[in-house]
Amino acid sequence: MTQTTEAAQVPEDSRPVRPAPSHRIHRAWFVVAVTFVTIIGAAAFRSLPGLLIDPLHQEFHWSRGTIGAAVSINLALYGLTAPFAAALMDRFGIRRVVAVALTVIAVGSGLTVWMTAAWQLLLCWGLLVGLGSGSMALAFAATVTNRWFTERKGLVTGILTAASASGQLIFLPLLAWIVTEERDWRPAAVTVSLAALAVVPFVWLLLRDHPADVGQKPYGAKEFVPKPDPVRGAARRAVTVLFSAVRTGPFWLLAGTFAICGASTNGLVQTHFVPAAHDHGMPVTAAASLLAVIGVFDVVGTIASGWFTDRFEPRRLLAVYYALRGVSLLFLPMLLAPTVHPPMIFFIVFYGLDWVATVPPTLALCREQYGEDSAIVFGWVLASHQVGAALVAFLGGFARDRFGSYDVVWYASGALCAAAALMALVIRRRRPAVPAPAPAVSPAPA
């Protein structure tokens, strides 16, 4: 297509197209890099909850159920905020929403150092950090992918999903060392706050909302795509899309499988693995390091899953991922010990490869089923992920208080993963619309 033809398609208020030479890297990959670093910086808050349970219990004598309730609010809002954040990005732009979200995370985490009552933990860590982190959820990655790419979407989704694991890899050992070395959780909370603030100028200066902002096509697109007008009524649109989606069977299957995904990862392993390992005599720093190793292999597994999603049937991929995860969780209670031994290392590697490998095929199914609304629908599916995580974060702490161990939670989560594998297999394919036949034309009289 010639430059003249492309320019004719661009509205008068849009920048002219500047086709990049073939030897240059497309600007979309720089946007992916900025988004990746942004998610890494924001991932510090996801590394902290499991490290706070024992210190807060010892200092304030709050029950693990109470602390788990704050984590539950955080995880639930992380999901429930996502679809509204996706709609807000359509209204105000990605850059503004992400910058505000990082600031809210910094404020919420920073205020926890002055708390003296449990309700303040619920407010700061539960409400504020939950709202901010929800705007930085996977709907952010889905919006960037949908706007900047028409090809390689599965790979890009895998890369951006892996960013959270990379952040865990960076921050979890550091925060565990701070909590152990300083014998205080407050410096770790301040570190989270500063990490979120440090990313704000990076986002504001380098992130761009749409390819048209820099006069380029989306990666892989054949034609220039003008920047759409801001979509007003963000909350109304998010709710309208939800009401439309809940009338379809695939939505409930995707939401159900992703709820189990959240229950078996963020809610269970990320929140309760460190205290569970500590119950068996393992030092906190060693348990936190094992979680960080999960982050290493999560990066590999998620990027590989994105590559697989571009090439294989996503329903079958989901079924395999959930089945393997369930089997690994059933063996975990037998592996916990005071020291790190080879079977535990095998579990960590195996589980890490599967940690969020479910995201690329789930997002691919959302695109297949819901088209242009897929980012918002995925936001609601992510909400179910976090509701599942929130329930298990609370129930895990409650089970520990009630039974004295986490064993029953590990076994229950393994069974749920088996159910998720079956649910993934029955998600029906969306059949492409068949155009109506053209009306027959009667031959003209001779």
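**Exercise 1. Packing of α18 and α19**

Which residues in α18 meet which residues in α19? Describe the geometry of the pair as well.

Solution. The model is predicted, so local features need pLDDT of at least 70 and side-chain atom pairs count only at pLDDT 80 or more, while totals for chains, interfaces and linings use all residues. Residues are numbered from 1 along each chain as its sequence is written, and side-chain values use heavy atoms, with hydrogens and water left out.

Step 1. Contact means heavy atoms within 4.5 Å. On the α18 side are V359, T362, L363, C366, R367 and Y370, and they meet S374, V377, F378 and V381 in α19.

Step 2. Helices are DSSP runs (H or I, at least four residues), numbered from the N terminus. Helix α18 covers residues 359-370 and helix α19 residues 374-403; their axes lie 9 Å apart at an angle of about 130°. Axes are lines fitted to C-alpha atoms, for helices over the stretch in contact, and angles run from 0 to 180 degrees between N-to-C directions.

Step 3. The angle of about 130° makes α18 oblique to α19. Angles under 35 degrees count as roughly parallel, over 145 as roughly antiparallel, 65 to 115 as roughly perpendicular and the rest as oblique.

Step 4. α18 and α19 cross in a right-handed sense. Right-handed means that the near helix is turned clockwise from the far one by less than a right angle, left-handed anticlockwise.

**Exercise 2. Length and burial of α19**

Compare the span of α19 with the expected one, and state how many of its residues are buried.

Solution. Step 1. The expected span is 1.5 Å times one less than the number of residues. For the 30 residues of α19 this gives 44 Å, and the distance from first to last C-alpha is close to that, at 42 Å.

Step 2. Buried means under 20% relative accessible area, exposed over 50%, and partly exposed in between (1.4 Å probe, protein chains only). In α19, 22 of 30 residues are buried.

Step 3. Just after α19, G404 has a positive phi of about 85°.

**Exercise 3. The two sides of α17**

Where do the buried residues of α17 sit around its axis, and what covers them?

Solution. Step 1. The buried residues of α17 are M344, F347, I348, Y351, G352 and D354. They lie on the same side of α17, because they cover an arc of only 160° around the axis. The arc is that of the directions from the helix axis to the C-beta atoms.

Step 2. The face turned away from the buried side carries the exposed P342 and F346.

Step 3. The cover over the buried residues of α17 includes α13, α14, α15 and α16.

**Exercise 4. α14 against α20**

Classify the crossing of α14 and α20.

Solution. Step 1. The axes of α14 and α20 (residues 407-425) come within 12 Å and cross at roughly 150°. α14 is therefore roughly antiparallel to α20.

Step 2. The crossing is left-handed. L268, V269, F273 and A276 of α14 meet V409, W410 and S413 of α20.

**Exercise 5. Positive phi outside glycine**

Where do H61 and R152 lie, and how accessible are they?

Solution. Step 1. Most residues other than glycine have a negative phi. H61 has a positive phi of about 60°, and phi of R152 is near 60°.

Step 2. H61 is in the loop between α4 and α5 and is exposed at 66% relative accessible area. R152 is in the loop between α9 and α10 and is partly exposed at 44%.

Terms used. Helix = DSSP H or I, 4+ residues; strand = E, 2+ residues; numbered from the N terminus.
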